[in-house]
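This report describes a metal site and a helix packing in one protein chain. The sequence and structure are shown first.

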Amino acid sequence: MKTLTIRQPDDWHLHLRDGAVLQAVAPWSAAHFSRAIIMPNLVPPVVTSADAAAYRERILGALPEGSGFTPLMTLYLTEASQADDIESGFRNGLVTAVKLYPAGATTNSQSGVRDVEAVYPVLERMAKIGMPLCVHGEVTDPEIDIFDREAVFIERVLAPLRRRIPELRIVMEHVTTKDGVDFVRGAGENIGATITTHHLIINRNAILAGGIRPHYYCLPVAKREKHRLALREAAISGEGRFFLGTDSAPHVDPLKESACGCAGVFNAPNTMACLAHVFEEENALDRLEAFTSLNGPAFYRLPPNEKRIRLVRSDEPVEYQRKIRAGQDEITVFDPMFPIHWKDEDDAS
Ligand code: DOR
Ligand code: ZN
């Protein structure tokens with residue numbers, strides 16, 4: 001048996017949804033993480049500070065008694081977003097960041113941004129007040145192959161945005177390519193990136209080779225092996241600009257196992273166990289804490305958690321729940337395709 005004690009992790013990119021799914025999934029994130037950046041892509045989206053306040057209450061209502069979990073709220077950027085409302089939500093501590101979805105890029109992104117020029121005044125205000133922008137980095141141009149959409153986004157949108165407002169603090173969410181890793185490394189202090197658990201584990205073969213496996217389909221879609229290796233290298237590097245954002249994105253099974261299935265991988269229940277496996281495989285367990293518990297708070301200018309958790313590795317594989325129930329339906333938990341030996345527990349010390 002091997003153990004590792006680290007500061008409690010945070011999740012810098014999480015979908016909790018609403019209604020029965022929220023009730024079902026929130027306790028799983030709260031069991032492992034202290035804080036999470038909550039994605040605003042509900043239907044209708046969380047656009048105003050008032051929307052965020054109401055959604056925050058619903059999240060708190062879905063947590064188990066005594067949970068210390070803190071949802072860090074984000075606002076969904078539209079071309080009609082009001083800079084004053086965003087600023088007041090940020091200043092009074094209700095809202096942590098703003099999320100930019102290119103319109104049509106992913107689940108519930110129809111009200112997102114079509115023309116980035118249209119939101120520059122809001123972005124300039126955010127730069128002025130030090131408020132981070134979380135970016136879904138994919139173009140939506142149908143001419144662009146889905147596997148190239150992240151790289152083309154960097155060239156067409158992100159690099160020009162950075163040149164125009166270098167003070168804006170940007171998180172390139174769920175980076176999936178070597179191009180993304182390289183861009184973030186070369187872009188200076190104000191740009192960070194989240195990396196998901198599943199993109200460290202699967203490449204595109206998981207979705208398509210030997211049968212179509214909808215539970216591995218998410219956006220940005222997993223890429224070739226060389227990209228997965230670049231993500232691993234970034235995650236284990238210890239560099240402050242890379243941190244965990246699980247992008248745990250639950251959809252009930254009928255919506256995944258369908259002729260046109262939804263994008264999203266639900267990994268909240270076993271993320272820490274999977275990450276311990278990955279970092280152990282890379283001989284980098286000493287850098288797991290930086291990735292899950294230190295780099296994110298530093299980027300968001302928050303203190304790291306004081307509480308510690310203990311990760312325990314047993315020789316025998318441990319069982320984990322493969323599906324969870326949400327109302328009448330079930331949600332499938334991410335299957336890393338390797339036996340899981342790690343478990344995280346509250347450290348009594
Ligand atoms: O796979 C994804 N699922 N990617 C996203 O960007 C959105 C998310 C969702 O909300 O389901
Ligand atoms: Zn997401």
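## Zinc site

In this predicted model, the zinc ion (ligand 2) is coordinated by H13 (NE2), H15 (NE2) and D247 (OD), at 2.1 Å. Along the chain, the donors of this zinc ion are spaced as H-x1-H-x231-D. H13 belongs to strand β2 (residues 11–14), whereas D247 is found in the loop between β9 (242–244) and α9 (253–256), so the pair ties together parts that are 234 residues apart in sequence.

## Burial of the donors

Two of the zinc donors were assessed for accessibility. H13 has a relative accessible area of 1% and is therefore buried, since the cut-off for burial is under 20%. D247, at 5% relative accessibility, counts as buried as well.

## Packing of α5 and α6

Helix α5 (residues 149–164) and helix α6 (residues 178–186) have axes that come within 10 Å and cross at roughly 15°. Angles under 35 degrees count as roughly parallel, and α5 and α6 are therefore roughly parallel to each other. The crossing in which α5 passes α6 is right-handed.

On the α5 side, the contact is made by E150, A151, I154, L158, A159 and R162. The α6 side contributes D179, G180 and F183. By character, the residues of the contact of α5 with α6 comprise five nonpolar, one polar and three charged.

Terms used
Residues are numbered from 1 along each chain as its sequence is written. Chains are lettered from A and ligands numbered from 1 in the order in which they are written. This is a predicted model: local features need pLDDT of at least 70, side-chain atom pairs count only at pLDDT 80 or more; totals for chains, interfaces and linings use all residues. Side-chain values use heavy atoms; hydrogens and water are left out. Axes are lines fitted to C-alpha atoms, for helices over the stretch in contact, and angles run from 0 to 180 degrees between N-to-C directions. Helices (H or I, at least four residues) and strands (E, at least two) are DSSP runs, numbered from the N terminus. Angles under 35 degrees count as roughly parallel, over 145 as roughly antiparallel, 65 to 115 as roughly perpendicular and the rest as oblique. A crossing is left-handed if the near helix is turned anticlockwise from the far one by less than a right angle, and right-handed if clockwise. Contact means heavy atoms within 4.5 Å. Ala, Val, Leu, Ile, Met, Phe, Trp, Tyr, Cys and Pro count as nonpolar, Asp, Glu, Lys and Arg as charged, and the others, Gly among them, as polar. Donors are N, O and S atoms within 2.8 Å of the metal (3.2 Å for Na, K and Ca); water is not among the atoms, so sites may look incomplete. Buried means under 20% relative accessible area, exposed over 50%, partly exposed in between (1.4 Å probe, protein chains only).
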